[in-house]
Amino acid sequence: MSTEKMALVVLKRGLASMRIDEERVYHKTKLLLKIYRDVVWCIEDRVCEIEAEYYAMGGNRLAEALDYLDDYDPNINKKDLEEKLCSLLKSKWLIEIVDKALLKIKNYPDYGDLYFNILYKQYIVKYRYSEKEIIESLNCERTTFYKRKKEAINLMGLAIWGYVIPALRDIWQTECELNTN
């Protein structure tokens, strides 16, 4: 089996083993990535102020944010989701969740750097690259770009809902247990 097919098989197995609905997570991830840049812009100036609020409230926002990210409907209107995330995640948690997932992707053994660059240039960097510019910078064929982009979004979904959110939930639960003892 080629490395290309193996990467896709491993990705699909990862999603299935974690009981993650591939199609639903794909659409949730794509929507989250589409609004990421605008949400960051919205909260960028307030991150320090909001972080202080978060600690003053005892960290309850993280649990609320993780629950919301885990359960939102991918069919929701993009603008509605953006507004909800701007008000719900009034902290750097969204940024940290996406950053942690991107680091996980960058370290992925097959095409990790390629997946990272596609996502970064398409959705993360402040000044968005056009798809033509991304294809040229990656020196790949158009069909390869679209195929890898879909794989990258799927991998991002696996990283967010399969690894980052569960890890943050564990940290939050441990902190809550330590604070109640």
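A residue is called buried when its relative accessible area is under 20%, exposed when it is over 50%, and partly exposed in between, using a 1.4 Å probe and protein chains only. By this rule Tyr111, at 27% relative accessibility, counts as partly exposed.

The model described here is predicted: local features need pLDDT of at least 70 and side-chain atom pairs count only at pLDDT 80 or more, while totals for chains, interfaces and linings use all residues. Residues are numbered from 1 along each chain as its sequence is written, and side-chain values use heavy atoms, with hydrogens and water left out.

**Overall architecture**

The protein chain has nine helices and zero strands; helices (H or I, at least four residues) and strands (E, at least two) are DSSP runs, numbered from the N terminus. Of its 181 residues, 44% count as buried. A contact means heavy atoms within 4.5 Å. Among contacts between residues at least 6 apart in sequence, 77% join residues at least 24 apart.

**The nonpolar cores**

A nonpolar core is a set of buried Ala, Val, Leu, Ile, Met, Phe, Trp, Tyr and Cys residues joined through side-chain atoms within 4.5 Å. The largest such core has 34 residues, and Ile105, Leu119, Met156 and Ile160 have the most contacts inside it. Helices α2 (22-43), α6 (93-106), α7 (112-124) and α9 (142-180) each supply at least two residues of this core, and α9 gives the most, with 11 residues. Apart from this core lies another, of five residues, including Ile118 and Leu138.

Ile105 is one of the buried residues of α6, as are Trp93 and Leu102. Leaving aside residues up to four places away in sequence, Ile105 touches Gly112, Tyr115, Phe116, Leu119, Ala152, Leu155, Met156 and Ala159. Helix α6 has 14 residues and reaches 20 Å from its first C-alpha to its last, close to the 20 Å expected at 1.5 Å a residue; the expected span is 1.5 Å times one less than the number of residues.

**Two loop residues with positive phi**

Neither Tyr111 nor Asn139 is a glycine, yet each has a positive phi.

| Residue | Phi | Loop | Relative accessibility |
|---|---|---|---|
| Tyr111 | about 70° | between α6 and α7 | 27%, partly exposed |
| Asn139 | near 50° | between α8 (131-138) and α9 | 72%, exposed |

**A residue of the first helix**

Ala16 belongs to helix α1 (residues 3-17). Ala16 counts as exposed because its relative accessible area is 54%. Ala16 and Leu158 are 142 residues apart in sequence and 9.9 Å apart in space, C-alpha to C-alpha.
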